[in-house]
Protein chains: 2
Amino acid sequence: MLQPAEIDTSEALTERQQAVLDAALRLLVEEGDNLTMTAVARRASCSKETLYKWFGDRDGLLTATVQWQASKVRVAAVDRDTLDLGSLTASLERFASDWLKVISSDTSIALNRVAVGHAGSGKDDLGAVVLQNGRFALARRLKPVLEAGRQAGLLEFDDAETAFRTFFGLVGRDVQIRLLLGDRVELTEATIGGDARRATQQFLALFGAKNRP
Amino acid sequence: MLQPAEIDTSEALTERQQAVLDAALRLLVEEGDNLTMTAVARRASCSKETLYKWFGDRDGLLTATVQWQASKVRVAAVDRDTLDLGSLTASLERFASDWLKVISSDTSIALNRVAVGHAGSGKDDLGAVVLQNGRFALARRLKPVLEAGRQAGLLEFDDAETAFRTFFGLVGRDVQIRLLLGDRVELTEATIGGDARRATQQFLALFGAKNRP
DNA sequence: CAAGAGGCGTACCGTACGTTACGGTTCGGC
DNA sequence: GCCGAACCGTAACGTACGGTACGCCTCTTG
């Protein structure tokens with residue numbers, strides 16, 4: 001397991017700095033890891049000296065960019081006052097659909113690509129950041145729902161982590177690795193919805209309580 | 001979908017050339033994508049000129065290395081003369097276990113990392129090569145087993161591709177992306193075996209025929 | 001043994017890019 | 001209106017690395 005790498009999203013970012021990071025982000029999506037500091041400066045209409053003053057060096061800029069994007073995708077957790085099979089199903093489908101939308105987005109693909117590329121040559125911890133705000137953030141948001149489902153007698157499982165990982169696998173399947181490797185998987189709004197429903201039904205078939213309350 | 005990118009594994013590789021590629025492979029595992037031609041030459045005890053003569057340029061060397069590794073992991077397909085639930089289960093577990101072993105190996109992680117890094121900046125087609133010899137090769141080997149299971153009345157599904165992708169998801173779950181991003185997932189022989197059994201049971205629960213023959 | 005090919009080691013070139021330095025401009029505060 | 005700080009644009013520096021050239025060695029072939 002990696003370090004918590006807790007992100008304090010605020011960190012006092014100026015409007016201007018956020019704009020610069022947005023520019024860097026757009027450039028990252030277009031150019032991948034071979035963006036240059038000069039290009040970022042030009043795109044953001046700022047000087048390189050400012051970039052170095054604000055972010056230290058190239059790696060600093062990259063991590064700041066990744067964290068900045070991460071701070072934007074924070075999705076609201078689902079409310080669970082009245083929990084019946086219908087609302088549980090809806091929640092799971094919503095999570096699945098949101099997740100598929102995220103991992104198939106241009107920015108997510110670009111960010112994961114550079115993070116994967118940087119992992120191993122342990123210069124920075126982009127991988128940890130992406131992991132924390134991707135896979136682990138999803139787990140943190142979904143597990144309460146699973147626990148609530150178990151409390152309500154709708155789900156049966158021993159370990160929430162294992163249940164979550166199964167759901168994760170049923171939803172994502174081969175999509176993320178294929179996208180990262182450059183395969184153009186067709187993911188329209190419709191197929192995402194269908195996949196979300198299918199994954200949810202499969203999950204319920206595996207972990208749904210046999211005798212409902 | 002990417003181009004077929006059919007690999008002719010032989011391509012007349014000299015013993016010496018294979019040795020050079022092995023050196024490059026080892027270096028790739030150690031250094032990641034920032035290996036230099038000089039380092040490869042030194043490690044392989046050959047001159048850079050030879051590298052360029054044999055492989056054209058850096059990308060050529062990389063693709064040759066990836067293909068060379070790919071040509072080594074070709075796993076034998078399972079025989080299926082007597083197909084009952086026991087042998088089908090064993091086959092599936094074996095596939096799952098082999099697959100987990102592959103994706104958690106150092107070389108696979110390194111290769112996937114550089115392929116992911118290169119995808120998008122469409123210089124070469126490392127992503128296609130890795131995909132063909134990874135995810136798609138697995139599908140080609142596993143689908144006949146699934147079809148045979150259906151023929152024998154042990155499995156029920158409409159689309160073999162969909163069934164395969166579900167199996168893929170149940171086996172891999174979050175393992176590959178976590179490994180690629182640098183998370184140190186604990187994957188001992190024992191846990192791999194357990195995961196393979198669990199995934200297989202879940203798959204059978206979802207796609208096993210209700211009334212066995 | 002002579003000739004030539006293939007290959008090793010190394011020096012070298014060109015370039016791209018990270019990083020730094022500097023002059024000019026805007027802008028808020030006195 | 002003046003001062004200093006922040007910042008823009010750009011030029012300059014240093015280095016790392018992809019790619020090439022060349023001299024020397026070794027081994028095969030006639």
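**Figure 1. The largest cavity of the predicted model.** The largest cavity has a volume of about 190 Å³, and the model in which this cavity is found is a predicted one. A search of the whole structure returns 5 cavities of 30 Å³ or more. Around the largest cavity the lining comprises 17 residues, and those lying nearest its centre are A:Arg173, A:Ile177, B:Arg173, B:Gln176 and B:Ile177. Both chains contribute helices to this lining, with α5 (85–103), α8 (160–172) and α9 (175–180) of chain A and α5 (85–103), α8 (160–172) and α9 (175–180) of chain B each supplying at least two residues. When the lining residues of the largest cavity are sorted by class, 10 are nonpolar, 4 are polar and 3 are charged.

**Figure 2. The relation between chain A and chain B.** A turn of 180 degrees, combined with a shift of 0.0 Å along the axis, lays chain A on chain B with an RMSD of 0.1 Å. The two chains are therefore related by a two-fold axis. Within chain A, the C-alpha nearest the axis belongs to A:Gly169, at 2.1 Å from it. The same surface serves both copies, in that 100% of the contact residues of chain A recur in chain B.

**Figure 3. The protein surface near DNA strand C.** DNA strand C is surrounded by 15 residues, of which A:Lys48, A:Glu49, A:Arg58, B:Arg16 and B:Ser47 come nearest. Of the strand C atoms that lie within 4 Å of the protein, 57% belong to sugar or phosphate, while the rest belong to bases. By class, this surface holds 5 nonpolar, 4 polar and 6 charged residues.

**Figure 4. Polar contacts to DNA strand C.** Two of the contacts shown involve bases of the strand: a polar side-chain atom of A:Lys48 lies 2.4 Å from a base oxygen, and an N or O atom in the side chain of A:Glu49 is 2.4 Å from a base nitrogen. From chain B, a polar side-chain atom of B:Arg16 lies 2.9 Å from a phosphate oxygen of DNA strand C. The elements that give two or more residues to the surface near this strand are α3 (48–55) of chain A and α3 (48–55) of chain B.

**Figure 5. The protein surface near DNA strand D.** Around DNA strand D there are 16 residues, the closest being A:Thr50, B:Lys48, B:Glu49, B:Tyr52 and B:Arg58. Of the atoms of strand D that come within 4 Å of the protein, sugar and phosphate account for 55%. Helix α3 of chain A and helix α3 of chain B each supply at least two residues of this surface, and the largest share, 4 residues, comes from α3(A). Divided by class, the residues near DNA strand D are 5 nonpolar, 4 polar and 7 charged.

**Figure 6. Polar contacts to the phosphates of DNA strand D.** Chain A is represented here by A:Arg16, a polar side-chain atom of which lies 3.0 Å from a phosphate oxygen of DNA strand D, and by A:Ser47, a polar backbone atom of which is 3.3 Å from a phosphate oxygen of the strand. From chain B, a polar side-chain atom of B:Arg58 lies 3.0 Å from a phosphate oxygen of DNA strand D.

Methods
Residues numbered from 1 in each chain as written. Chains lettered and ligands numbered in written order. Predicted model: local features only at pLDDT ≥ 70, side-chain atom pairs only at ≥ 80, totals over all residues. Heavy atoms only, no water. Near = heavy atom within 4 Å. Polar contact = N/O pair within 3.5 Å; in protein donor to acceptor, adjacent residues only side chain to side chain. Nonpolar A, V, L, I, M, F, W, Y, C, P; charged D, E, K, R; others polar. Least-squares fit on C-alpha atoms with pLDDT ≥ 70 in both. Contact = heavy atoms within 4.5 Å. 1 Å grid on protein atoms, 1.4 Å probe; cavity = no way out; pocket = protein on both sides within 12 Å on 5 of 7 lines; lining within 4 Å. Points joined across faces, edges and corners; volume = space filled by probe spheres on them.
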